[in-house]
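Student: Please pick one part of this structure and go through it closely. I would like the answer to start there and then follow what surrounds it.

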Amino acid sequence: MTPGEVLAEAARRLPAARCVIESSVAGAAAADTGVGAADTGVGVADAGVGAADTVTMDVPRQDWLAALAFARDVAGCDFFDWLTAVDEQDRGFAIVAHLYCLDSGLHLLARTLVPREDPALPSATGLFRGANWAEREAHEMFGVVFDGHIGLAPLLLPEGFEGHPLRKDFPLAARAAQEWPGAREPGERQASERSRRRLVPPGVPEGWPPP
């Protein structure tokens with residue numbers, strides 16, 4: 001399918017989605033077609049976009065699995081490339097998945113937003129086995145729960161680690177909690193311990209750690 005055909009089908013099958021085409025053709029401006037619930041997509045296929053362009057789909061979280069199934073079964077995206085999250089602070093967490101069609105070269109980004117107080121989505125592992133590790137990583141780093149996953153076991157962090165280090169409210173406290181193991185900071189000239197002043201690393205809240 002061409003990107004324009006994908007947009008037309010998305011408008012018909014996923015009326016709550018907002019889809020755009022972002023052009024990757026050298027020298028061409030990004031084509032924001034803005035196909036939404038009220039659009040038919042007629043004529044989009046002739047907008048001069050190429051098969052290597054990226055279709056971006058923003059969907060409500062209740063349509064997350066429907067969007068991924070659409071990408072696989074309708075758009076032909078048979079390769080699950082990656083999934084990650086972005087901490088949007090008060091808006092919640094944006095979940096982004098990149099899929100690819102091996103035949104046409106179509107790139108598709110599926111995105112949704114989950115609230116901070118309830119960061120949960122249904123697992124995509126029933127549609128793409130490759131989502132397994134990506135969902136484990138997003139759960140570990142951001143605290144997003146993927147309902148129906150076979151086991152969100154820790155993937156990268158050491159046993160007993162508390163918190164989710166890629167959340168923006170997570171204190172970057174490694175340097176504040178433990179002295180630098182070297183005799184001097186990198187690039188620092190010889191100086192006595194008395195002359196050295198301990199600085200709070202960027203991202204560590206003032207007064208951390210507590211006494």
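Tutor: In helix H1, the buried residues are Pro3, Gly4, Val6, Leu7, Ala10 and Ala11 (buried means under 20% relative accessible area, exposed over 50%, partly exposed in between, with a 1.4 Å probe and protein chains only; helices are DSSP runs of H or I with at least four residues, strands are runs of E with at least two, and both are numbered from the N terminus). These residues cover an arc of only 160° around the axis, which puts them on the same side of H1 (the arc is taken over the directions from the helix axis to the C-beta atoms). They pack against S1, S2, H2 and S5, where contact means heavy atoms within 4.5 Å.

The model is predicted: local features need pLDDT of at least 70 and side-chain atom pairs count only at pLDDT 80 or more, while totals for chains, interfaces and linings use all residues. Residues are numbered from 1 along each chain as its sequence is written, and side-chain values use heavy atoms, with hydrogens and water left out.

One partner of H1 is helix H2, which has its own set of buried residues: Trp64, Ala67, Leu68, Phe70 and Ala71. Seen down the axis of H2, they fall within an arc of 155°, so they line one face of the helix. Their cover includes H1, S2, S3, S4, S5 and strand S6 (120-122).

Phe70 shows the link between the two helices at the level of residues. Phe70 belongs to H2 (residues 64-73) and is buried, at a relative accessible area of 4%. Apart from neighbours within four places in sequence, its contacts are Val6, Glu9, Ala10, Arg13, Leu14, Met57 and Ala75. Leu14 is 56 residues away from Phe70 along the chain, yet their C-alpha atoms are separated by 8.6 Å.

The other partners of H1 belong to a sheet. It is open, with five strands in the order S1-S2-S5-S4-S3 and mixed pairing (two strands pair if DSSP finds at least two bridges between them). S1 (18-22) and S3 (79-87) are the edge strands; each has a single partner strand, so one side of each lacks a neighbour in the sheet. From one strand to the next the twist averages 20°. H1 (residues 3-13) packs on this sheet and touches S1, S2 and S5 (107-114), its direction making about 175° with that of S1 (axes are lines fitted to C-alpha atoms, for helices over the stretch in contact, and angles run from 0 to 180 degrees between N-to-C directions).

Take the S1 side of the sheet next. S1 and S2 (residues 54-58) run antiparallel and are joined by five bridges. Cys19 stands opposite Met57 in S2, and Cys19 counts as buried at 2% relative accessibility. Thr56, also found in S2, is buried with a relative accessible area of 1%. Beyond four places in sequence, Thr56 touches Arg18, Cys19, Val20, Glu22, Leu109 and Arg111.

Now the other side. S4 and S5 are antiparallel and joined by eight bridges, with Leu99 opposite Leu108 in S5. Six residues lie between these strands in their hairpin, where Gly105 takes a positive phi near 80°. S3 and S4 are likewise joined by eight bridges and run antiparallel; Ala85 has Ile95 in S4 as its bridge partner. Their hairpin has five residues between the strands, and Gln89 in the turn has a positive phi of about 55°. S4 (residues 93-100) is mostly covered, seven of its eight residues being buried.

As for cysteines, a search of the whole structure finds zero disulfides (a disulfide is a pair of cysteine sulfur atoms within 2.5 Å). Cys101 is in none; the nearest cysteine sulfur, that of Cys77, is 5.8 Å away. Cys101 is buried, at a relative accessible area of 6%.

For the wider setting, the protein comes to four helices and seven strands. Buried residues make up 37% of its 211 residues.
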